[in-house]
Amino acid sequence: MARIHWSRELRDFRKSMPLAGQARVYASYLGGASALEEAVWNRAIAASFSDEVVRDEGAWDKKLAEGGKIIHGTAEAYFESVTQVLEIYGGVRAELTEFAGKSHRPDFVRERLTDVEELATGFTERYDTDVWKALPRWMKAQVSRARKGSADPRKDRKASDIWEPLKARLDGILETLSPLASSEKRRAVDEAKVMIQELRVALFAAGDVRPAGKVSEARALKDLDAIERML
């Protein structure tokens, strides 16, 4: 209903705010610029007009007016974050592709490229918008891992022996998470997803990329235990 009410304004906003430059080129690897733009606008509209159930006309009119005032600024901030993600993604993708051609462990490096693709694919829909700003660090960490792991495979394996079981455990939680799970459970799972990625940075890219906040294997185990009890 908000889309219908503000249809003319949204049409004008969309024309003035396309993905541009290299970001538009890199978007072609992730489903295309048009699809990404649509996803960003969907998130911006949802953020601007989402609310508890509105049950009377006055409250609805108020929500329409409030959302109309912030939709442009919200979308602008989202597009800024998405553009940064795409530019870093393109640079990391090119760097890993080039390094794979030179490395004595090309398959290992290509696995890191696969990791980057997994992080970037569908990111506008898979992650909360406040997580988008973390994605550049997470992708850069894969370049660091590619170089460090090529130089010291044993150290990489030791780090992998810590991270892989935790990631597998989180994946198991995601597979069993009910579509009807409470917002509290979903929030806890979303926080765990971020924590696991930050631990990945700490384990594989130490000294090159800094994780956000304090992360450790012990904390990850504790948080996953708590989530499993909730479920």
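The largest nonpolar core of this predicted model has 47 residues. Within that core, Leu86, Phe123, Leu135 and Met139 have the most contacts. At least two residues of the core come from each of α3 (21–27), α4 (33–49), α5 (57–102), α6 (106–120) and α8 (135–151). Helix α5 gives the largest share, 13 residues.

**Overall architecture**

- The protein has 11 helices and zero strands.
- Read from the N terminus, the order of elements is therefore α-α-α-α-α-α-α-α-α-α-α, where helices and strands are taken as DSSP runs.
- The C-alpha trace spans about 65 × 45 × 25 Å along its principal axes.
- Of the 231 residues in the protein, 39% are buried.

**Salt bridges between helices**

- In total, the structure holds 18 salt bridges.
- Side chains of opposite charge can pair when their charged atoms come close.
- One of the salt bridges joins the side chains of Glu95 and Arg147, with an N to O distance of 3.4 Å. Because Glu95 belongs to helix α5 and Arg147 to helix α8, this pair ties together parts that are 52 residues apart in sequence.
- Both partners of this pair have part of their surface accessible: Glu95 is partly exposed, with a relative accessible area of 33%, and Arg147 is partly exposed, with a relative accessible area of 40%.
- Another salt bridge is formed by the side chains of Asp225 and Arg169, at 2.2 Å from N to O. Asp225 is in helix α11 (residues 217–230) and Arg169 in helix α9, so the pair ties together parts that are 56 residues apart in sequence.
- Asp225 counts as partly exposed because its relative accessibility is 31%. Arg169 likewise counts as partly exposed, at 23% relative accessibility.

**A salt bridge within helix α6 and its network**

- The side chains of Arg112 and Asp115 meet in a salt bridge with an N to O distance of 2.9 Å.
- Both residues lie in helix α6, where they are three residues apart, about one turn of the helix.
- Arg112 is buried, and Asp115 is buried as well.
- A network of salt bridges links Arg112 and Asp115 with Glu111 and Arg200.

**Positive surface patch**

- Arg154, Lys155, Arg157 and Lys158 gather on the surface in a patch of positive charge.
- Arg157, one of the residues of this patch, lies in helix α9, which covers residues 153–176.
- Helix α9 also holds Arg169, the partner of Asp225 in helix α11.

**Glycines of helix α5**

- Gly67 is found in helix α5. Its relative accessibility is 0%, so Gly67 counts as buried.
- Gly67 and Ala100 are 33 residues apart along the chain, and their C-alpha atoms are separated by 47 Å.
- Gly58 is also placed in helix α5. Gly58 counts as partly exposed because its relative accessibility is 46%, which lies between the cut-offs of 20% for buried and 50% for exposed.
- The C-alpha atoms of Gly58 and Leu30 are separated by 42 Å, with their positions 28 residues apart along the chain.

**Loop residues on either side of α7**

- Gly122 lies in the loop between α6 and α7 (123–126). At 25% relative accessibility, Gly122 is counted as partly exposed.
- Gly122 and Val92 are 30 residues apart along the chain, and 17 Å separates their C-alpha atoms.
- Asp128 is placed in the loop between α7 and α8. With 38% relative accessibility, Asp128 is counted as partly exposed.
- The C-alpha atoms of Asp128 and Glu175 are separated by 19 Å, and these residues are 47 residues apart along the chain.

Technical notes
Residues numbered from 1 in each chain as written. Predicted model: local features only at pLDDT ≥ 70, side-chain atom pairs only at ≥ 80, totals over all residues. Heavy atoms only, no water. Patch = residues over 30% accessible without salt bridge, like charges linked within 9 Å, V, L, I, M, F, W, Y side chains within 5 Å. Areas by Shrake-Rupley, 256 points an atom, 1.4 Å probe, with all protein chains shown as cover. Salt bridge = Lys/Arg side-chain N within 4 Å of Asp/Glu carboxyl O. Lys, Arg positive; Asp, Glu negative; His and termini not counted. Charge placed at Lys NZ, Arg CZ, Asp CG, Glu CD. Helix = DSSP H or I, 4+ residues; strand = E, 2+ residues; numbered from the N terminus. Core = buried A, V, L, I, M, F, W, Y, C linked by side-chain atoms within 4.5 Å. Buried < 20%, exposed > 50% of the residue type's maximum accessible area, 1.4 Å probe, protein only.
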